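User: Could you walk me through some of the labels used for this model? I'd like to see the reasoning behind each one.

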Amino acid sequence: MTAVYPLLAAVAAYLLGSLSFAVIVTRVMGLSDPRTYGSKNPGATNVLRSGSKVAAVVTLLLDAVKGWLPVVLVHWFGKPYGLEEGTIALVGLAAFLGHLWPVFFRFQGGKGVATALGVLVGINAWLGLATAVTWLLIAVFFRYSSLASLVAAVFAPVFYLLVDGAVWYAEQSIAAAIAVMAMLLVWRHRENIKRLLEGKESKLGKPKK
């Protein structure tokens, strides 16, 4: 019976991750579907291209929360059910995969930046903060959201392993989950990487080329 609990937790996390808030928020606010303009990516950055900063911020927060919530619930309530580090890694990855391939939206999801950040904050607030600051610094200096996301994704597993024993104790399963998320984030940004190399990537605050 103990083995059932991690599986149920992972399924619940995946279903929560499958809530595409970029689509839900824009529908509620009467805006255009983000899958029909710009990069056609259902994420906060593309929602910002609708002209509504409020919609973009709400999307960003909700996408982050759906990655954070399953992780902290296991943190807070999982131990009596045998749900510990391995399940934390499992639910975090499941929520992230739900965002990328949402069952409620024909498996056509976003790139997962905000959801991954939510997972990292759930694992450890300092880890999430370090990754968010990395994203912010690159975004401010270079004005490319995609570049900031790529750099932050690469550094997230580095941060987790680098500070092992000082700020937290790294767990192999969690490190593996963070590494998988980082690789998938890079893969989901493959078109952005191509445009960056060609000098055609749009900067923050500007319409997509």
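User: Why does Glu-201 count as buried or exposed, whichever it is?

Analyst: Happy to help! Buried means under 20% relative accessible area, exposed over 50%, and partly exposed in between (1.4 Å probe, protein chains only). Glu-201 has 6% relative accessibility, so Glu-201 counts as buried. A word on the source: this is a predicted model, where local features need pLDDT of at least 70 and side-chain atom pairs count only at pLDDT 80 or more, while totals for chains, interfaces and linings use all residues. Residues are numbered from 1 along each chain as its sequence is written, and side-chain values use heavy atoms, with hydrogens and water left out.

User: What makes Arg-195 and Glu-201 a salt bridge?

Analyst: The term asks for a side-chain nitrogen of Lys or Arg within 4 Å of a carboxyl oxygen of Asp or Glu. The closest N and O atoms of Arg-195 and Glu-201 are 2.8 Å apart, so the pair fits the definition. Arg-195 is buried because its relative accessible area is 19%.

User: How do you know that Lys-200 and Glu-198 form a salt bridge?

Analyst: Their closest N and O atoms are 3.8 Å apart, so this pair also meets the cut-off. Lys-200, at 49%, is partly exposed, and Glu-198, at 42%, is partly exposed too. By this rule the count comes to four salt bridges, including one between Asp-33 and Arg-35 at 2.7 Å, N to O.

User: Why is Trp-126 called exposed?

Analyst: Trp-126 has 58% relative accessibility, so the label exposed applies.
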